[in-house]
Amino acid sequence: MNKIYCTGSDKFCIYSCIGTIFLLFTLTACQGQQQEAGKNYRTWEVFKGDKGSTGYSELDQINKGNVDRLEVAWTYHSGDARKPGSQTSPIIVDGVMYVTTPGIKVAALDAATGKEIWVFDPFAEEGEEPVAVNRGVAYWEDEEGDDRRIFLTADDKLYALDAETGSLMADFGDEGTVDLRAGLGRDPGLLSVRATSPGVVHNDLLILGSSTGEGQGAAPGHIRAYNVKSGAIEWTFRTIPQAGDVGHNTWGADAWQLAGGANNWAGMSLDEEREVVYVPTGSAAPDFYTPDTRGEGKHLFGNTLLALDANTGERIWHYQIIHHDLWDYDLPAAPSLVTIKKEGQDVDAVAQVTKNGLLFILDRETGEPLFPVEERPVPASTIEGEEAWPTQPVPVMPEPLTRHHITEEDLTDISPEAREYALKRFREMRYEGPFTPLGEQETLVYPGSRGGAEWGGASFDPESNMLYVNVNDFGTSFSLSKIEVPSMDTDNPVIRGRNIYRVNCATCHGTPGGQQPTEYPSMTNVDERLSESEIIQTIERGQGFMPSFPQLTEEEKESIVAYLSDVDADGSISVPEEVSDAKTSYSYAIDMAYNQFTDQEGYFATKPPWGTLNAIDLSSGERVWKVPLGEYEELSQRGLPVTGMQNLGGSVVTAGGLVFIGATHDEKFRAFDKDTGEILWEYDLPAAGDAFPATYEIDGRQYVVIPATGGSRVGTNSSDAFIAFTLPDDGR
């Protein structure tokens, strides 16, 4: 049976089953402590190590005293280096490591030697190029251990594989596959739906989020639970509520049919004892401008941490972290399930990191904040028809992980020239503090949409109640422009294509003639690099991080090509603007997006550090240490202190006193002292470790592995290497 739930009171609720009401009583401190103590932190069989997403290991053979003796145990080359690379979180089950490669193949490896056992390529049969990225697979086995399955998401499909052989499980879905576009209440043929994170297994359910488009026509981001044996959808939670659902009144009346997103692309965490899954969601789509589709209101359940009954999908509680998101402040990572000390008692909690540099610590039972949170007034929108929410929640403790508000005093001082340039740029932009809504004037968003925290999330040490979070500390700028609503009324395909492009493409790629994007490829003169058929194929299938756009008609795609082939580098087109004067329907679209706030040399325009690793005591809410993460060697050679840099990837914390992390595009893999933040060991990788490390034990020997495939950022190296480290025989 496909059960769909979106029930309960507006903030918190109890949940029911077949007419009988079950009240949720708070567990005693003793019970909570026993629950956490009973976990197995010695294996690494799921995404981020355990279903609570702690990234913690009890293994201590590799420790502070010997980590400097680590050596390469093995290197696996997958043979499919590409951009973007693999962002996988390796899992290890019964001595076999399962990873996803840059080409989104699944490789099963001998975890002790790196020897390849089998490879599954979801794109081989159709002969197509892989699209999007992948952060790992999920594992399930039946009670007897006879049926063992690996679940992979690639493009718009969910695959069930035999863990022993890598062959498709024919009894799952359609000969081993399920179409992720189906079951969302809209025409699947018009939707772009993928899943970059592997979801979580609970009993015989695979609970899965999705990655959707961010423009007009995006799919809704409903949470679904699939039967691991049949592939059938067992329950769905609607993140964009319909009439009669809780939260429906926080949107425009037709938003449930028009808006998309509010999706869980970041992963989720499971409390196995309570049988509750904790799901962070992203912003609703379209991003940045809402009146046409999303309407007024808070937009539940976008940018929300949801607690759902893992068996039924019923909502237990929710906590919205961003109201009416106008900044692409998705909740970026699976929350960490933690137990902390509050007023002498052990309290089970959930820690959620955010892109805007804040850290929310909530009671796992009720969703109530364990530290004070204030609803603070924020600037109003200057865009006609846009009703920005007047307040946003800000924790009093823990303190922000990044600068949350900047002034001219915070601008770079790495050189007089850099500071002069940064001051000029800062004064040109609109910035009224945190949560400044985008406008027609270039608007600074700080922290930017790359964090704060990103998809690497946090790791948690239950021995010390310490949370370790790597964050970015820089801004990005955006601007909106008033446009004619895309229409087929005009006979000129160039003007029609320009309007369609601005609504669907400019969010990431910017507009030819405007400020060019720093994080995504520019479309200026793209017709000199790609043929008409190649552009249309990219629109239809997507590429890299770019989603597909199946909702566009052939004529609309051809109009985009006509515009991109006509527009000059300065933004001018050959068609007189008067052709479009008859139009009277207007909207707003992105004119410039994701433009990093940098100095004249391309370094970030605020004072360093620009990337940091932080240790937060969750019992007190206080930061214990903060150190730069990543190094520009050329700046160090000028005599500057280590500045840190943009980082994308996760960390592992161990009982050996170490925090392992890659994530930086200086292509280092580092081990930090978890008590002080001192770097104890580092290794030069062939490309950045923009992924999750994992640690495991085989035959009494501890290993640490990092996917080192890079490619997650424009202008960075790519590789196909997965590297495992261990101690020499005389170093254990």
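Let's start with two helices: the axes of helix H4 (residues 493-504) and helix H7 (residues 554-566) come within 7 Å of each other and cross at roughly 100 degrees. Axes here are lines fitted to C-alpha atoms, for helices over the stretch in contact, with angles running from 0 to 180 degrees between N-to-C directions. H4 and H7 are therefore roughly perpendicular to each other; angles of 65 to 115 degrees get that name, under 35 is roughly parallel, over 145 roughly antiparallel and the rest oblique. On the H4 side the contact (heavy atoms within 4.5 Å) is made by residues including Pro493, Arg496, Ile500 and Tyr501, and on the H7 side by residues including Glu555, Ser559, Ile560 and Tyr563. The residues of this contact divide into eight nonpolar, two polar and five charged. In that count, Ala, Val, Leu, Ile, Met, Phe, Trp, Tyr, Cys and Pro are nonpolar, Asp, Glu, Lys and Arg are charged, and the others, Gly among them, are polar.

Before going on, a word on the model: it is predicted, local features need pLDDT of at least 70 and side-chain atom pairs count only at pLDDT 80 or more, while totals for chains, interfaces and linings use all residues. Residues are numbered from 1 along each chain as its sequence is written, and side-chain values use heavy atoms, leaving out hydrogens and water. Helices (H or I, at least four residues) and strands (E, at least two) are DSSP runs, numbered from the N terminus.

Tyr501 and Ile560 also appear in the largest nonpolar core, which has 55 residues; together with Trp317, Trp327, Leu438, Phe478 and Ile590 they touch the most other members. Such a core is a set of buried Ala, Val, Leu, Ile, Met, Phe, Trp, Tyr and Cys residues joined through side-chain atoms within 4.5 Å. Buried means under 20% relative accessible area, exposed over 50%, and partly exposed in between (1.4 Å probe, protein chains only). Leaving aside residues up to four places away in sequence, phenylalanine 478 touches Leu438 and Ile590, and its other neighbours include Phe288, Val445 and Met592.

H7 turns up again beside helix H6 (residues 532-541), whose buried residues are Ile535, Ile536, Thr538, Ile539 and Arg541. Strand S14 (193-194) and H7 are among what covers them. Just after H6, glycine 542 takes a positive phi of about 85 degrees.

Now for a well-covered strand. Seven of the seven residues of S33 (residues 466-472) are buried. One face carries Met466, Tyr468, Asn470 and Asn472, the other Leu467, Val469 and Val471. S33 pairs with strand S32 (residues 458-461) in the antiparallel sense over four bridges, and with strand S36 (residues 611-617), also antiparallel, over seven bridges; pairing requires that DSSP finds at least two bridges between two strands. Valine 469 is the bridge partner of alanine 458 in S32 and stands opposite asparagine 614 in S36.

The loops hold some details too. A cis peptide bond joins tyrosine 446 and proline 447, with omega about -10 degrees, and proline 447 lies in the loop between strand S31 (443-445) and S32. Aspartate 94, in the loop between strand S6 (91-93) and strand S7 (96-100), has a positive phi of about 50 degrees although it is not a glycine. This aspartate 94 is exposed, with a relative accessible area of 61%.
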